[in-house]
Amino acid sequence: MTLKYLVTGASGGLGSQVLSYLVANVPASEYAAASSNEANRKRFEDQGIAFRLADYSDPASLEAAFEDVENLLFVSTNTFDVAKREKQHQNFVDAAKKMNVKHVWYTSLAFGGFGSSDADVQKAHLLTEEMMRKSGINYTSIREGLYVEAFPVFMNWYPSTSVMYLHSDGPVAFTRRAELGEATARLMIRGGHDKEIVLLTAQQTITFSEIIDVINETTGRNIQVKFVSPEEFVRVKATDDEGGKSEAFFQKLLSWHDAISKGETGTTDPLMADLLGREPTPPREAIRQLLQENRDYEWHQNYVNRR
């Protein structure tokens, strides 16, 4: 029996939002959740949601999961290790091709807009887009706007921060994850965009310096912004980082910031607003909401030992 939608990463932040929209808007027989963790099966089946095991490191599990699937949401793996992610993604693409999936919807990242990028965090996404092109499968690469919820890791900001050290600055179309999930689900349902790159973003941008202004205005803090050299940036950040991140991480972060300063995350596109039927939440408003709910807001990826 054909399965219209399979959502991988269904227990994760973006995948769960896509699945929630499908649950609310399409018949239960048309979708299923997929996860690399067998322990998640009961959680979904107890909700009446069909479940398939899809371990990106196990090609056989991927082939079994992708059988008779029409639309497959390909959520990128949650690792900054480019080599590991590349191998896992190749397994995914190979399985999708072998099982004749009709349309793969890949969750990429919005560095570079519609073009290329030198940001380390974008490397695996560009490699994956090339994999899909070479494979001949039908795909859409959805370059998702940077999660507004993740602004702390992009800036290395903590509630305890008194001085925000930066070596550069630039516009970022930070976008709410829940709205990205809804827009992605609507895009899959609408269809089209065969073998294309699309961009889902908020319609406005914000800089790191402006985010500090929002933090100060919203929480009553008095965080100062100090611009330093790239070498000093890495040294300061890697010395007793509250989240336990390594010097190597901050070397990678330099490439993210360089890309941001070149305007790579400042590209916006009207597609998301069209899909939602409304304007996405502007980043300034979204950050203010996060801080109003919790003035000591944190993001798990800013800490090595949090998931």
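**View 1. Helix H1 and helix H7 stand oblique to each other, an angle class that excludes values under 35 degrees (roughly parallel), over 145 (roughly antiparallel) and 65 to 115 (roughly perpendicular).** The axes of H1 and H7 (residues 177-190) are 8 Å apart and make an angle of about 55°, where axes are lines fitted to C-alpha atoms over the stretch in contact and angles run from 0 to 180 degrees between N-to-C directions. On the H1 side the contact (heavy atoms within 4.5 Å) is made by Gly13, Leu14, Gln17, Val18, Tyr21 and Leu22, while H7 brings Arg177, Ala178, Leu180, Gly181, Glu182, Thr184, Ala185, Arg186, Met188 and Ile189. Sorted by class, the residues of this contact are nine nonpolar, four polar and three charged; Ala, Val, Leu, Ile, Met, Phe, Trp, Tyr, Cys and Pro count as nonpolar, Asp, Glu, Lys and Arg as charged, and the others, Gly among them, as polar. The model is predicted, with local features requiring pLDDT of at least 70 and side-chain atom pairs pLDDT 80 or more, whereas totals for chains, interfaces and linings use all residues. Residues are numbered from 1 along each chain as its sequence is written, and side-chain values use heavy atoms, with hydrogens and water left out.

**View 2. Helix H8 meets helix H12, and the two are likewise oblique to each other.** H8 spans residues 208-219 and H12 residues 283-293, and they pack at an angle of about 40° with axes 10 Å apart. From H8, the residues Glu210, Ile211, Val214, Ile215, Glu217, Thr218 and Thr219 reach Arg284, Ile287, Arg288, Leu291 and Gln292 of H12. The contact of H8 with H12 holds five nonpolar, three polar and four charged residues.

**View 3. Helix H9 crosses helix H10, again in an oblique arrangement.** The axes of H9 and H10 come within 9 Å and cross at roughly 135°. Pro230, Phe233, Val234, Lys237 and Ala238 are the residues that H9 places against H10, and their partners in H10 are Glu247, Phe250, Gln251, Leu253, Leu254 and His257. By class, the contact of H9 with H10 divides into seven nonpolar, two polar and two charged residues.

**View 4. The largest pocket encloses about 1600 Å³ of space.** A pocket is an open set of 1 Å grid points with protein on both sides within 12 Å along at least five of seven lines, and lining residues have an atom within 4 Å of a point. Of the 48 residues in the lining of the largest pocket, those nearest its centre are Ser76, Thr77, Asn78, Thr79 and Gln301. At least two lining residues come from each of H1 (13-25), strand S2 (31-35), helix H4 (82-98), strand S5 (103-109), helix H6 (151-155) and H10 (247-261); helices (at least four residues) and strands (at least two) are DSSP runs. The lining of the largest pocket comprises 18 nonpolar, 21 polar and nine charged residues.

**View 5. The second largest pocket has a volume of about 250 Å³.** Its lining consists of 13 residues, and Asn156, Tyr158, Thr161, Val236 and Lys237 are the closest to its centre. Strand S7 (163-166) and H9 (230-238) are the elements that give two or more residues to this lining. Four nonpolar, five polar and four charged residues make up the lining of the second largest pocket.

**View 6. The second largest cavity has a volume of about 50 Å³.** A cavity is a set of points where a 1.4 Å probe fits but cannot get out, and two cavities of 30 Å³ or more are found in a search of the whole structure. The second largest cavity is lined by Ala110, Gly113, Gly145, Leu146, Val172, Ala173, Leu199, Thr201, Glu264, Thr265 and Thr267, which divide into five nonpolar, five polar and one charged.

Note on methods:
Grid points are joined across faces, edges and corners, and a volume is the space filled by probe spheres set on the points.
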